[in-house]
Amino acid sequence: MSVLLLTTLTLLFTLIPVTSSCTPSDLAALQAFKSTLDEPYLGIFNTWAGTNCCSNWYGISCDPTTGRVADINLRGESEDPIFEKAGRSGYMTGSINPSICKLDRLSTLILADWKGVSGEIPECVVSLSNLRILDLVGNKISGKIPANIGNLQRLTVLNLADNGLTGEIPSSLTKLPNMKHLDLSNNMLTGQLPSDFGNLKMLSRALLSKNQLSGAIPSSISVMDRLADLDLSVNQISGWLPDWIGSMPVLSTLNLDSNMISGPLPQSLLSSTGLGMLNLSKNAIEGNIPDAFGPKSYFMALDLSYNNLKGPIPSSLSSAAYVGYLDLSHNHLCGPIPGGSPFDHLEASSYSFNDCLCGNPLRAC
């Protein structure tokens, strides 16, 4: 009987995974990570006590079968009760300790919106082969994006926005086959977009505004069939708008304002049935506005202000299914403003500072 009981217990312990509390190496890595950061107001690191980093350490999650640290999720803007109790958002200073790279099972690294975390991204972060999310938005991180960022083959989210990053976008970044969300906006990145940017076939959002990027829009972007949101605003992008850009299958938001784009306005952009937000303001786009709108045109916002557009406002715009916001100001347009929707709900500021537009809500023709 005792032999049968022993055999049964042995079988049970074989089938039930044994969960480790926290490996000594992971514990040491997290303690070193904490040692170069200072969070004075919320006390989140006060929870990082004892030797079991997998239990009740704020922002730390472990794999239940291996006991290895899988996620670091530390956000300075959160609805977590610890923030509500303090009545304030988070503030943290210090830098990212390279010890983070010893957490070789890490899948998520979020150290976001702390406003004061500075220093550079450790180069060794590219060795974290299981990393799927790297989110360091809203800090004071400087230096360059690690050159071998393309080693992170499982990465789906890269958010480094609102920092002080410099240098060019690494060429290896286009070798991330699973990337879906890329946000590098509001940094000081220079140079051109990689010519093979279109290799990011899974990408749905490319947010690169408020940098110092230059050159033309790469033609390889034309094959990005999943790209829904492209934001290159407030850069130094030049050249003409490519004809194919209005024919991308799921592109719904295109922000290219405040650049150095010239040449004519492609008809495909205005005849697109999927594009709902289009901002081309503050460029040097010239020529007439194509008379290409139709009953399937649906623009939540259409901003063509501060360009060199001339000629009349196209009458086909009145056939659009919907135009919520329209700004044609600061151009060289001339002639009567068409009647009906969407013109009947727009204010004079939508048409101001043109050469000779007339009609409601401006002066009579």
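Let me begin with a definition: a residue is called buried when its relative accessible area is under 20%, exposed when it is over 50%, and partly exposed in between. Keep that in mind as we go through the cysteines of this structure, which is a predicted model.

My topic today is the disulfides, and for anyone new to the word, a disulfide is a covalent bond between the sulfur atoms of two cysteines. In this model, counting the pairs of cysteine sulfur atoms that lie within 2.5 Å gives five disulfides. If we number the bonded cysteines along the chain, the pattern reads 1-2, 3-4, 5-6, 7-8, 9-10. I will take three of the pairs in turn.

The pair I start with is C54 and C62, whose sulfur atoms are 2.1 Å apart. The torsion about their S-S bond is -90°, and this link is left-handed. C54 has a relative accessible area of 25%, and because that value falls between the two cut-offs, C54 is partly exposed. As for the surroundings, an unreviewed UniProt entry lists residues 24-63 as "domain: Leucine-rich repeat-containing N-terminal plant-type". Over those residues, 24-63, the chain is 30% helix and 12% strand, with the end C-alpha atoms 15 Å apart.

Now let us move to C101 and C124, which form a disulfide with their sulfur atoms 2.0 Å apart. Here the torsion about the S-S bond is about 75°, so this disulfide is right-handed. C101 sits in the loop between β4 (92-95) and β5 (108-112), while C124 sits in the loop between β6 (115-118) and β7 (133-135), and the pair therefore ties together parts that are 23 residues apart in sequence. Which of the terms buried, partly exposed and exposed applies to C101? The relative accessibility of C101 is 12%, and since this is under 20%, C101 counts as buried. Its partner C124, at 30% relative accessibility, counts as partly exposed.

The pair I finish with is C358 and C365, joined by a disulfide with an S to S distance of 2.0 Å. With 95° about the S-S bond, the link of C358 and C365 is right-handed. Is C358 buried or exposed? C358 has 8% relative accessibility, which is under 20%, so C358 counts as buried. For C365 the relative accessibility is 66%, and because this is over 50%, C365 counts as exposed.

To close, please find these cysteines in the structure above: C358 is buried, whereas C365, bonded to C358, is exposed.

Technical notes. Residues are numbered from 1 along each chain as its sequence is written. This is a predicted model: local features need pLDDT of at least 70, side-chain atom pairs count only at pLDDT 80 or more; totals for chains, interfaces and linings use all residues. Side-chain values use heavy atoms; hydrogens and water are left out. Buried means under 20% relative accessible area, exposed over 50%, partly exposed in between (1.4 Å probe, protein chains only). Helices (H or I, at least four residues) and strands (E, at least two) are DSSP runs, numbered from the N terminus. UniProt positions are given in the numbering used here, feature names are shortened, and annotations may be inferred rather than shown by experiment.
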